[in-house]
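The exercises below invite you to read a protein chain element by element. Look at the sequence and the structure first, and then work through each solution in turn.

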Amino acid sequence: MNANSNLHPIELSLLRALEKGQLMSIEELVDSTGLEIDQIRRGLEWLRFKNMVQINDKIINIVLLGSNGKKAVIEGLPERRLVRAVQKDGINTMTKIGKARLFDNMNEMTKAYEIAVYRNKWIQEHLPEGSISEATSEKILTATKGSERLSCEEKLLLKLNKKQITIIDELNAEEHKSLNLFKRRPNYIVEQKQKITEYTISSKGKETITSLTNKDQVQSERRLTQEMITSGKWRRIRLSPLDVEAPVHLLYPGRKHPLINIIEEVKEAFVGLGFTEISGPIIQSSFWNFDALFTPQDHPARDMQDTFYISELRQEDNLATDAHIEKISQIHKIGWNNKWDVEEAKRIVLRTHTTPVTIKYLAENRPENARVFCIGSVFRNEKTSYKHLAEFNQVEGIVTDENVSLQDLMGLQKEFYSKLGLKKIKFWPTFFPYTEPSLQSMVFIESLGKWVELFGMGIFRPEITQAIGIKNPVLAWGGGLERIAMLRFGLHDVRELYNNKLEWLRRTPRCPL
């Protein structure tokens, strides 16, 4: 086996850069190899694990720009701003300089004047023509030819701005002199101690590089392309080995909410059983939400503590046909033996179930046979808790035909649940207000090791179907989809479906095992 057969190309590049035995920082390795800094860090970790590099940590003194230094990079040092004003703006006396407000304070102006005139020799002074005394005339300032050259302080300023880290020990004599001058100015430079890590090749790394054969030094290729195969180039190259067990970066592409996946799966199950989807508004009249379902007008379910009513709104027009209103009112009077109030039926509610959509479909179409389902939001005036929401999704399916029976309904339920991966199902008699007979379905959840209640089911009461002109039996079943989602994803609090925690959304598979 070749000495570098288990080395990644990044590792080989780093070993060759360190081959001379010198200490190099990560930044220096970036410049030397042309690799990205993340590749350098990753490669060094690999080599360190293989004992092919050694690490040397040390503390260095560095210098950075302070707040005034950063400002000077943009605007210039105070003495440079003074020279510009004298050259271009005609501000040629100290009185004019003071009025121009070029400086933050008098000390800064005085310091700029002293450096520009006496240290850097950028400005010279002389009396106005015809004046013989400084007592009667203010000196005129003019820029010298030497004002165009950069001062040693300006040179250091540019260097500090260009480099991220400047090590004090690496400064030359002139830069050290400038550094000391800057120390006399507040907030122009900041000195800090910093820990740096440098890398050098180990004896094992040297042995690996030395043992490379000519074949090893042929450039490695990471990918076998079509062009390499057709041209025969693949015979002259060496394909670098791939670690198929190496961890990869996790990607989180856009995806649908897990509950949306459940809804689409339920829709697909219905369609696979020959059903057609119907829909309707979430705002319904009490007539279709309650009265058409033979719910008495004094029933507790119609109280405001259980239902969301739309304040001061009533459906005055298109409530229902006169025939439907008449038949339903008569059935209520006979069945419940009390007065039926059409004004109560006109009240507007947020639907408490999807059944008003189903009933309205049957009333308007009066089919002899049909298979339809409805999925949508429903609303209950309940305090939210780990098992209750004020708004949730409900699914409902109905079948009507001449000879359908409760046995057909149980068979449909078993087939429906099996499409959702639920195989163990059982039923027992129960009571629901608008079906008779009624059954409760239960499914066995393997992960919980117990039976769990799911959808309710039954045959619509004749008081409901006869009032809307349906002659054949109507099989109906429905329930909340959040219940299925909780079982599918192993949740114990229904509110977790709507918390939108990014971690949960990312790690939840579409089809949990």
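## Exercise 1: The four-strand sheet

Describe the sheet that has the order β1-β6-β2-β5, and find what packs on it.

Four strands form an open sheet in the order β1-β6-β2-β5, and their pairing is antiparallel. The edge strands are β1 (24-25) and β5 (166-167), each of which pairs on one side only. Here helices (H or I, at least four residues) and strands (E, at least two) are DSSP runs numbered from the N terminus, and two strands pair if DSSP finds at least two bridges between them. Between β1 and strand β6 (residues 189-201) there are two bridges in the antiparallel sense, and M24 stands opposite Y199 in β6. Helix α8 packs on this sheet and touches β2 (53-65), β5 and β6, with its direction at about 135° to that of β2. Contact means heavy atoms within 4.5 Å, while axes are lines fitted to C-alpha atoms, for helices over the stretch in contact, and angles run from 0 to 180 degrees between N-to-C directions.

The model is a predicted one, in which local features need pLDDT of at least 70 and side-chain atom pairs count only at pLDDT 80 or more, whereas totals for chains, interfaces and linings use all residues. Residues are numbered from 1 along each chain as its sequence is written, and side-chain values use heavy atoms, with hydrogens and water left out.

## Exercise 2: The seven-strand sheet

Trace the open sheet of seven strands, then say which helices lie across its strands.

Begin with the order, which is β9-β13-β14-β18-β17-β16-β15, with mixed pairing. At the edges stand β9 (276-277) and β15 (425-432), each with a single partner strand, so one side of each is left without a neighbour in the sheet. Strands of a sheet pair through backbone hydrogen bonds, either parallel or antiparallel.

Next, take the pairs one by one. Strand β16 (residues 435-445) runs antiparallel to strand β17 (residues 450-460), and eight bridges join them; T435 stands opposite F460 in β17. Four bridges join β17 to β18, again running antiparallel, and the bridge partner of I459 in β18 is L475. On β18 there is also the pairing with β14, antiparallel over seven bridges, where V395 stands opposite G479. Five of the seven residues of β18 are buried, which leaves this strand mostly covered; buried means under 20% relative accessible area, exposed over 50%, and partly exposed in between (1.4 Å probe, protein chains only).

Finally, turn to the helices. Helix α16 (residues 355-365) lies across β13 (370-379), β14 (391-400), β17 and β18 (474-480), at about 30° to β14. Helix α17 (residues 406-419) lies across β13, β14, β15, β16, β17 and β18, and runs at about 140° to β17.

## Exercise 3: Aromatic rings

How many aromatic pairs does a search of the whole structure find? Examine two of the pairs and one cluster.

The search finds 17 aromatic pairs. Rings of Phe, Tyr and Trp (its six-membered ring) pair if their centres lie within 6.5 Å, and planes under 30 degrees apart count as stacked, over 60 as edge-to-face and the rest as tilted. The ring centres of F287 and W288 are 5.1 Å apart and their planes stand at 90°, so this pair is edge-to-face. F287 is buried at 0% relative accessibility, and W288 is buried at 4%.

A second edge-to-face pair is formed by F489 and W504, with 5.9 Å centre to centre and 90° between the planes. F489 lies in helix α19 (residues 481-489) and W504 in helix α20 (residues 502-507), so the pair ties together parts that are 15 residues apart in sequence. Both F489 and W504 are buried. One aromatic cluster consists of F270, F275, F373, F416, Y417, F455 and W477.

## Exercise 4: One glutamate

Is E108 buried or exposed, and which residues is E108 in contact with?

First locate E108 in helix α7 (residues 106-119). The relative accessible area of E108 is 17%, so E108 is buried. Leaving aside its neighbours within four places in sequence, E108 is in contact with P78, R81, F103 and Y188.
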